[in-house]
Amino acid sequence: MPDSGVSASGLPVSLAGLPFAKGHGTGNDFVLVADPAGDHDFSPAAAAAVCDRHRGIGADGLIRAVRSEHLPEGQALLQTNPAAEWFMDYRNSDGSLSEMCGNGVRVFVHFLLAEGLAEIGEGETLTIGTRAGIKTVTRIEGGYAVDMGPWEFIYPDHAAAKAMDAVVNAGGLEVPRPGLSVSMGNPHTVVALAELSELAATDLHTKPSVQPEPEHGTNVEFVVPAEPLVVDGVGLLTMRVHERGVGETLSCGTGACAAAVAIRFWAGRDAPNEWAVTVPGGVVGVRFLTAEDGREHVELSGPAVLVARGTLL
């Protein structure tokens, strides 16, 4: 018999009966729960149980929709961004907290609209709070575009001097490869490969080795630039990713942004500001723009889909 505080599914009984939805953005999938008053906090173990693909619902991560006023991180954001009513409380599939998720933000907003918790028309925007700060999401035809904020090199001196700052080992690659570490509010290390066959042969079942690794770990993107790189003013990339706390996923929005940052940097000053990034789950768009704060921001665009609803037992 399960512990009196735990249901047969392995979840705390306090979560029993809680409605959920399942959604994805280009195959990056999430379990979403509406918890406006912040009454149903998920422990790392509970989040991992929900995301387990064999014993749970199965997902790359768990997203809880909470009004910002009910979380310390959200309260801090509200002081300067009172429009950020909703906070995206995100955990990876292993239960660990993550700053945010680019695909997840789109699915999160789509979920808010479907639940009647927010309303925006095409061309209108919604302000969302995350642990990586404020994200502004615009509803567009066929999906959503997210201002992901400014990008940064994690080791800017090394990036400027050597155009690389890490050495990456992964199964299927004969020799270690140079990497470039980019922050999109969460950490990424980007590796360029020469051929699609090499990308297909890379083993991402196990975590790649990155030296030096950023303090809180890193997502690792393996990217093949197209030949030609630019078609009709748009740069073309193909990418696979091993996500920190998850493993290989069909898509990673912040990873696609980081990949475009790195390849654009390596390509030089004539590289375009618009990119189409092909991931195993589809295609996302990445665009560089100068924001009102004067810094260069990255915009991520793509679809968001809800596929199922249910109740936690």
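## Where R244 sits

Where is the place of R244, in a strand or in a loop? R244 falls in the loop between strand 14 (234-243) and strand 15 (247-249). Keep in mind that this is a predicted model. Despite being a loop residue, R244 counts as buried because its relative accessible area is 16%, under the 20% cut-off.

What does the side chain of R244 reach for? There's a polar contact with the side chain of E99 at 2.7 Å, plus a reach of 3.1 Å to the backbone oxygen of H216. Skipping neighbours within four places in sequence, the contacts of R244 are N92, S98, E99, N186, P187, H216, G217, T218 and N219. For a distance check, the C-alpha atoms of R244 and L204 are 12 Å apart, with the two positions 40 residues apart in sequence.

## S181 in strand 10

S181 belongs to strand 10, which covers residues 177-183. Its relative accessible area is 0%, so S181 is buried. The side chain of S181 has a polar contact with that of T189, at 3.4 Å.

T189 also turns up in the contact list of S181, which leaves out neighbours within four places in sequence. The rest of that list is E152, F153, I154, Y155, D165, A166 and H188.

## Salt bridges

Side chains of opposite charge can pair when their charged atoms come close. How many salt bridges does a search of the whole structure find? The count is 17. One of them pairs D29 with K22, where the closest N and O atoms are 3.4 Å apart. Both partners are buried: D29 has a relative accessible area of 10%, and K22 has 15%.

Another salt bridge joins the side chains of R67 and E85, 2.9 Å from N to O. R67 is in strand 3 (residues 61-67) and E85 is in the loop between helix 2 (72-78) and strand 4 (86-92), so this pair ties together parts 18 residues apart in sequence. Here the two ends are partly exposed, R67 at 27% relative accessible area and E85 at 36%.

## R131, E73 and their network

R131 and E73 form a salt bridge too, with 3.1 Å between the closest N and O atoms. That pair links distant parts of the chain, 58 residues apart: R131 is in the loop between strand 5 (125-130) and strand 6 (133-140), while E73 is in helix 2. R131 is partly exposed at 25% relative accessible area, and E73 is partly exposed at 30%.

Which residues are linked with R131 and E73 in a network of salt bridges? D35, D41, R64 and D89 are the other members.

## The whole fold

Zooming out, the protein has 6 helices and 19 strands. Its radius of gyration is 19 Å, close to the 20 Å from the globule rule for 313 residues, so the protein is as compact as a globular protein of that length. If you're setting up a box, the C-alpha trace spans about 55 × 45 × 35 Å along its principal axes.

Of the 313 residues, 49% count as buried. The accessible surface is about 13,600 Å², and carbon and sulfur atoms account for 52% of that. As for contacts between residues at least 6 apart in sequence, 63% join residues at least 24 apart.

Note on methods. Residues numbered from 1 in each chain as written. Predicted model: local features only at pLDDT ≥ 70, side-chain atom pairs only at ≥ 80, totals over all residues. Heavy atoms only, no water. Helix = DSSP H or I, 4+ residues; strand = E, 2+ residues; numbered from the N terminus. Buried < 20%, exposed > 50% of the residue type's maximum accessible area, 1.4 Å probe, protein only. Polar contact = N/O pair within 3.5 Å; in protein donor to acceptor, adjacent residues only side chain to side chain. Contact = heavy atoms within 4.5 Å. Salt bridge = Lys/Arg side-chain N within 4 Å of Asp/Glu carboxyl O. Rg over C-alpha atoms; globule rule 2.2 N^0.38 Å. Areas by Shrake-Rupley, 256 points an atom, 1.4 Å probe, with all protein chains shown as cover.
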